[in-house]
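Me: I have a chain open here and would like to talk through its fold with you. Could you keep to what can be computed from the coordinates?

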Amino acid sequence: LTGHLLAQILAQQAGIAEAAGLHMQRIQRIAVHPQVQQQGVGATILRHLCQHYGKHKQTDWLGASFAAEPHVVRFWLASGYQPVWAGQRLDTATALPSLQVVLPISPAAQCCTKLLQAHFFHYYAGLQQAWQSPLATAILTLVRPTYAGIPNALVAKLLSQVGNAQGNVYAIRPYLYQHLLRIAKHSSKAQIWLAHSWQPSLSHKQFVALTRELVVEWQQQDKLDLSS
């Protein structure tokens, strides 16, 4: 994965290891001369790239990772690219989050994209709390996902990653939140974690450690409730 930013993000931050096993072409930059902008040139370039890689059948999907300015997001969405992940934090200079989009070409990439979209649907709720700026709110509206279903096996895999101190705690946050809400009586640790979800009070390090502890406890139960 070294050197491939998009594959690293999808495999490590989103926790979808299958993404690292597919052949991806990342579009790092696309630029159009100011005199011919807003004439469909950029969209045409992307269309030709898709036709080229689709014809040779050696690439599973195309993708990009970029600072999510609203007009840039609209450009990629209009070209058929689908948002599948986003950074938790806003850039301190631009107040913009990073956004990852993909265009599946092969059947394998289409299946993986469905998993990512399902995962992103639940992850999205946490972004609404994390992205506190008017500009970020506009971006959230643009990338709001619609696909909700997620396989229990995927949630179990994500929990296992976090329980083994390998996964991204923010990736499993929505599932842990749903699980805790179903419990009639909460431990003191669960109460602190839930309170942080409503009104942040923990440091990043404290939140990570507490999340991992609660995930391990969940895994140790006789029967895990992984329904979404």
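Me: Among contacts between residues at least 6 apart in sequence, what share joins residues at least 24 apart?
Reply: In this predicted model, 67% of the contacts between residues at least 6 apart in sequence join residues that are at least 24 apart.

Me: Ok, and which helices and strands is the chain built from, and in what pattern?
Reply: The chain holds 9 helices and 4 strands, and read from start to end they follow the pattern α-β-α-β-α-β-β-α-α-α-α-α-α. The radius of gyration is 19 Å, close to the 17 Å that the globule rule gives for 228 residues, so the chain is as compact as a globular protein of that length.

Me: What does the C-alpha trace span along its principal axes?
Reply: The trace spans about 60 × 40 × 30 Å along those axes, and of the 228 residues in the chain, 41% are buried.

Me: And the surface, how much area is exposed, and what do carbon and sulfur supply?
Reply: About 12200 Å² is exposed by the chain, with carbon and sulfur atoms supplying 54% of that area. As for charge, there are 17 positive and 8 negative side chains, and the centres of these two sets lie 7 Å apart.

Me: Let's zoom in on Phe120. Where does it sit, and is it buried or exposed?
Reply: Phe120 belongs to helix 4, which runs over residues 107–130, and it counts as buried because its relative accessibility is 0%, where buried means under 20%.

Me: Which residues does Phe120 touch, leaving out those up to four places away in sequence?
Reply: With those left out, Phe120 touches Pro83, Val84, Trp85, Ala86, Leu127, Val143 and Pro145. For one of these contacts there is also a backbone distance, since the C-alpha atoms of Phe120 and Trp85 are 6.0 Å apart while the two residues are 35 apart in sequence.

Me: Switching to helix 9, does its length come out above, below or in line with what its residue count implies?
Reply: Helix 9 covers residues 204–220, and at 1.5 Å a residue its 17 residues should span 24 Å, which agrees with the 25 Å between its end C-alpha atoms.

Me: Which of its residues are buried, and what do they pack against?
Reply: The buried residues of helix 9 are Phe207, Val208, Leu210, Thr211, Leu214, Val215 and Trp218, and the buried residues of this helix pack against helix 6 (152–163), helix 7 (169–181) and helix 8 (188–198).

Me: Helix 6 again, then. What about Ala153, buried or exposed?
Reply: Ala153, which is found in helix 6, is exposed, with a relative accessible area of 57%. Its C-alpha atom is separated by 27 Å from that of Ser65, a residue 88 places away along the chain.

Me: I'd like to check the backbone too. Which loop holds Ala165, and what is its phi?
Reply: Ala165 lies in the loop between helix 6 and helix 7, where it has a positive phi of about 60° although it is not a glycine. Ala165 counts as exposed, at 54% relative accessibility.

Me: And Gln38, where is that and how accessible is it?
Reply: Gln38 is in the loop between strand 1 (24–26) and helix 2 (41–56), and with 82% relative accessibility it counts as exposed. Its phi is near 60°, again a positive value in a residue other than glycine.

Me: What happens just after helix 2?
Reply: Lys57, just after helix 2, takes a positive phi of about 55°. Helix 2 itself has 16 residues and reaches 23 Å from its first C-alpha to its last, close to the expected 22 Å.

Methods:
Residues are numbered from 1 along each chain as its sequence is written. This is a predicted model: local features need pLDDT of at least 70, side-chain atom pairs count only at pLDDT 80 or more; totals for chains, interfaces and linings use all residues. Side-chain values use heavy atoms; hydrogens and water are left out. Helices (H or I, at least four residues) and strands (E, at least two) are DSSP runs, numbered from the N terminus. The expected span of a helix is 1.5 Å times one less than its number of residues. Buried means under 20% relative accessible area, exposed over 50%, partly exposed in between (1.4 Å probe, protein chains only). Contact means heavy atoms within 4.5 Å. The radius of gyration is taken over C-alpha atoms; the globule rule is 2.2 Å times the number of residues to the power 0.38. Accessible areas come from the Shrake-Rupley method with a 1.4 Å probe; for residues, only the protein chains shown count as cover. Lys and Arg count as positive and Asp and Glu as negative; His and the chain ends are not counted. The place of a charge is taken as NZ of Lys, CZ of Arg, CG of Asp or CD of Glu.
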